[in-house]
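Hi there,

Here is the structure I promised to pass on to you. Have a look at it first, and then read on for what turned up.

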Amino acid sequence: MEYLPNIVFALALIAGIGFFARNVKKLSRNIKLGKDVDVSDNRPQRWRNMARIALGQTKMVVRPVAGLLHIIVYVGFIIINIEVLEIILDGLLGTHRLFAPLGTAYNFLIGSFEVLALLVIVAVILFWIRRNIIRLQRFIKPEMKGWPKTDGNMILYIELVLMTLFLTMNAADFQLQQLGAEHYVKAGAFPVSQFIVPLLEGLSESSLILVERTAWWLHIIGILAFLNYLYYSKHLHILLAFPNTFYGKTRPQGQFNNLESVTNEVKLMMNPDADPFAAPAEETSTEPEKFGASDVMDLNWVQLLNAYTCTECGRCTSECPANQTGKKLSPRKIMMDTRDRLEEVGKNMDANKGEFVPDGKQLLGDYISHEEIWACTTCNACVQACPVSIDPLSIIVEMRRYLVMEQSAAPMELNNMMSNIENNGAPWPYNQMDRLNWVNE
C-alpha cells in the first residue's frame with residue numbers, strides 16, 4: 001500500500017501522455033493530407049520570425065492591453081509549469097519538494113511562480129470581462145456562437161482553477177511546514193499563498209494534509225487533462241505557433257505563387273524554338289492536377305497547419321475592410337471552416353480504416369460560400385494582423401482559382417475583364433485602334 005499512490009500517479013501520467021501522443025499522431029496525419037510545398041528557403045529568416053513572433057510575442061503587443069495580458073498568461077503558464085517537473089518526479093519517487101535542497105534558488109523560484117500565478121488570475125479575469133461583459137465586437141461575430149464561445153471561456157476557467165489549486169496547495173504546504181509536519185520540509189517562499197493561510201487556520205494537521213494532497217492531485221491531473229484538451233481547442237496554438245511562424249511566408253506580402261502547370265505552358269508559348277506543329281506528348285494515365293482548391297486535400301500542408309494554429313482571436317476579421325463594410329467575409333471564419341472540414345475528413349478516415357470515403361461534401365460550397373471569397377479585396381490586412389503568421393488570403397486565392405479555372409464561375413465583372421484582355425489586350429472594352437480616341441474629345 002505504501003507505493004499505491006506512486007503506481008496510481010504513474011498510470012495517470014502514462015494515460016495522459018499516451019492519449020496526447022495519439023492525438024498528436026492524428027493531428028500530424030491530418031496536416032499531411034495537404035499537398036507538399038517547399039518551405040526550405042531562407043532558413044535564417046524563418047528562425048528569426050519564430051523567435052520574434054512566436055517567442056517574443058511582437059505582433060501581440062500591437063494592441064497593448066490584450067498584448068500585455070496575453071504575455072502575462074503566456075509567460076506565467078509556461079514558467080509556472082516548470083514546477084510540473086518537480087511534481088512529476090515527486091509523484092513517481094514518492095518524495096515531496098524534491099528540489100528543496102536548492103535553497104535560496106528554490107525559494108526564489110517558488111516565490112516567482114506565486115507572483116506569476118496571481119498575475120495570471122488577474123489577466124484571466126480581465127479576459128473574461130472583455131469577452132462576456134464588455135463584449136468586444138470581434139468576440140460576438142456570427143462564427144463565434146456556440147462551441148467557439150464556450151471553448152474560449154472554458155480555457156479561462158481551466159487556467160483560473162489551475163492557478164487557484166497551485167496557490168491553495170502552497171498555502172496548505174506552508175501551514176504544514178510551520179506545524180512541523182512529517183515530510184513537509186521548510187522550503188520555498190510564499191509571497192501570495194501566505195495570505196490564503198488564514199482561511200486554513202483551525203484545521204488539524206490531517207485536514208491540512210488532505211487539503212494539500214487534494215490540491216496537488218487536482219493540479220497535476222488538471223494539467224494532464226488540459227494537455228489533452230488542447231487538440232479539441234483553439235488553444236492548440238500554444239504548441240503550433242512555433243512551427244507555424246517558422247513555416248510562414250517569407251516572400252513579400254501579397255506576392256502570389258504561380259501554378260507550375262500554367263507556368264510551363266506560358267514558357268512553351270514564349271519559347272521561339274518551340275515547334276507549334278510538334279506532336280503532343282503521349283497521354284499518361286495520371287489524372288491532370290486540379291487548378292486551385294475546392295477541398296482541404298487541395299490545399300498545401302502549411303495552409304492546413306495554419307488552420308489548426310488559428311487562435312480565433314479575430315484580429316484578422318476586425319482589420320478586414322470587407323467585413324467592416326458589412327460583407328459576409330470573415331478571415332477568421334475561413335480558417336475555422338478549414339479546420340472543421342479537415343476534422344470531418346479525419347473522422348471519415350478514422351471510421352474507414354485510414355481511407356477517405358467521398359462524403360459528397362467539400363470545403364467550398366458546404367463550408368465557405370462563393371459570396372465570402374469574392375468579397376475579399378486581397379489587401380493582406382488579415383495576414384498582417386495575425387499574431388501567429390496565419391495566411392487566410394492564400395486559401396481564398398486557391399478557391400478563387402478553382403472557380404475561375406475549373407468551374408468558369410467568376411463574377412460577371414471579372415469574366416468581362418478577362419474577355420477584354422484576351423480580345424483587346426487591355427481590361428477595357430475598346431479596340432486597340434480606338435484606345436487613344438479620348439485625346440480628341
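The count comes to 17 salt bridges in this predicted model. A good one to start with is the salt bridge between the side chains of R339 and E312, with N and O 2.3 Å apart. It links distant parts of the chain: R339 belongs to helix α13 (residues 331-351), while E312 sits in the loop between α10 and α11, 27 residues away. Are these two partners buried or exposed? R339 counts as buried because its relative accessibility is 11%, under the 20% limit. E312 is buried as well, at 4%.

Helix α13 holds another pair, D337 and K333, whose closest N and O atoms are 2.5 Å apart. D337 and K333 are four residues apart in the helix, so about one helical turn separates them. In general, an α-helix has 3.6 residues a turn, so residues three or four places apart point the same way. Both D337 and K333 are buried.

Next, look for K361 and E344, which form a salt bridge at 3.0 Å. K361 lies in the loop between α13 and α14 and E344 in helix α13, so the pair ties together parts that are 17 residues apart in sequence. K361 is partly exposed, with a relative accessible area of 39%. Salt bridges that share partners join D295, R341, E344, D359 and K361 into one network.

Now zoom out to the domains. The protein is divided into domain 1 (4-31 + 63-246) and domain 2 (255-272 + 289-428). Their centres, taken over C-alpha atoms, are 39 Å apart. The contact takes 23 residues from domain 1 and 28 from domain 2. About 2,200 Å² is buried between the two domains, and carbon and sulfur atoms give 52% of that area.

What joins domain 1 and domain 2? There are four salt bridges between them, and 16 residue pairs are in polar contact. On the domain 1 side, α1, α3 and α8 each give two or more residues, and α8 gives the most, with six. Within α8 (residues 237-246), the buried residues are H237, L240, A241, N244, T245 and F246. Their cover includes α1, α2, α3 and α10.

One last thing to find: the unreviewed UniProt entry places transmembrane regions at several stretches, including 6-24 and 108-129. In the model, residues 6-24 are 100% helix, with end C-alpha atoms 27 Å apart. Residues 108-129 are also 100% helix, with their ends 32 Å apart.

Enjoy exploring!

Terms used. Residues numbered from 1 in each chain as written. Predicted model: local features only at pLDDT ≥ 70, side-chain atom pairs only at ≥ 80, totals over all residues. Heavy atoms only, no water. Buried < 20%, exposed > 50% of the residue type's maximum accessible area, 1.4 Å probe, protein only. Contact = heavy atoms within 4.5 Å. UniProt positions renumbered as here; feature names shortened; annotations may be inferred. Domains from an automatic or database assignment. Buried area = accessible area lost by both parts, 1.4 Å probe. Polar contact = N/O pair within 3.5 Å; in protein donor to acceptor, adjacent residues only side chain to side chain.
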